[in-house]
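Q: Please examine one part of this structure closely, namely its open sheet, and then follow the aromatic contacts in the chain. How are the strands ordered, and which aromatic rings pair?

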Amino acid sequence: MAGIVGTIQEASRGAAQITSDALNAGNTHGTGRDEWDWSYKDRLVIPATAGQDSFFTVIAGKNLSATNLPLPSQIPSGESLTVHTVKPFYTAIKAHAAADVPVFFQFLAGTVCEISVSPNKILGQWTLQEMFGIPILFSVQEATIQFKFPQPLYNGLFPINQVIKLGGKTTFRVNVYYNFAPAALAGDYLDMSFAGMRGYST
């Protein structure tokens, strides 16, 4: 155990990170490889106006619940991330009125996310509606119908057909295009996570 403790390095956000050498010395993992399931995530605050923003480009001033990427727009040197799934998340920070529901649907259908890698290679463009996996966006007054309208499934899981391999120091970002002014949603959180296998070079 002393060997492991001796090689613990402090991550940029103050959390202890055990190096691959420490894990090998202590025999603390069972895969036999320096790879683990991992997600790098980031958060944007939804604006009141139309425009553009990007995930993973700004990490200063954010706590661990908002981002865990130690460097802006890149994987740390000596690491890699093989991305299998992109996960979007939406968090309302206030109670919304019924009138905000169509605005929310328009936001999902009209907001486009674009994955860009080193420096301007576009790997894909999708609306948030596609990424959340919602085939139907439909709101109706309950008093006007006599049956239960089928609810869309919010699975928040977008598997990609071709994995994205991000090596150390490879620059990447997810551009977000707000194509209308979502003023009613301003201040809510939109998060994005790259999930896959994190590797260490030895």
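A: The account below treats the sheet and then the aromatic pairs. The model is predicted.

The sheet is open and consists of four strands, arranged in the order β4-β9-β6-β7 with antiparallel pairing. Its edges are formed by β4 (51-55) and β7 (121-127); each of these has a single partner strand, so one side of each is left without a neighbour in the sheet. On average, neighbouring strands are turned by 20 degrees against each other, direction ignored.

Within this order, β6 (residues 111-117) and β9 (residues 172-178) pair in the antiparallel sense over seven bridges. One end of this pairing can be named by residue: Val117 has Phe172 in β9 as its bridge partner. Helix α3 (residues 100-110) packs on the sheet and touches β6, β7 and β9. The direction of α3 makes about 30 degrees with that of β6.

The aromatic residues come next. Across the whole structure, a search finds 11 aromatic pairs. In one of them, the ring centres of Phe56 and Phe194 are 5.2 Å apart and the planes stand at 50 degrees; the pair is therefore tilted, since only angles over 60 degrees count as edge-to-face and those under 30 degrees as stacked. Phe56 belongs to the loop between β4 and β5 (79-91), whereas Phe194 belongs to strand β10 (residues 189-200), so that the pair links distant parts of the chain, 138 residues apart. Both partners are buried: Phe56 has a relative accessible area of 0%, and Phe194 has a relative accessibility of 2%.

A further pair involves the edge strand β7. Trp126 and Phe158 form an edge-to-face pair, with 5.0 Å from centre to centre and 65 degrees between the planes. This pair also links distant parts of the chain, with Trp126 in strand β7 and Phe158 in strand β8 (residues 158-167), 32 residues apart. Because residues under 20% relative accessible area count as buried, Trp126 at 17% falls in that class, and Phe158 at 14% does so for the same reason.

Two other aromatic features complete the description. Tyr90, Phe104, Phe105, Phe107 and Tyr178 form one aromatic cluster. In addition, Arg198 lies over the face of Trp38, at 3.8 Å from the ring centre.

Terms used. Residues are numbered from 1 along each chain as its sequence is written. This is a predicted model: local features need pLDDT of at least 70, side-chain atom pairs count only at pLDDT 80 or more; totals for chains, interfaces and linings use all residues. Side-chain values use heavy atoms; hydrogens and water are left out. Two strands pair if DSSP finds at least two bridges between them. Helices (H or I, at least four residues) and strands (E, at least two) are DSSP runs, numbered from the N terminus. Axes are lines fitted to C-alpha atoms, for helices over the stretch in contact, and angles run from 0 to 180 degrees between N-to-C directions. Contact means heavy atoms within 4.5 Å. Rings of Phe, Tyr and Trp (its six-membered ring) pair if their centres lie within 6.5 Å; planes under 30 degrees apart count as stacked, over 60 as edge-to-face and the rest as tilted. Buried means under 20% relative accessible area, exposed over 50%, partly exposed in between (1.4 Å probe, protein chains only). A charge sits over a ring if NZ of Lys or CZ of Arg is within 6 Å of the ring centre and within 35 degrees of the ring normal.
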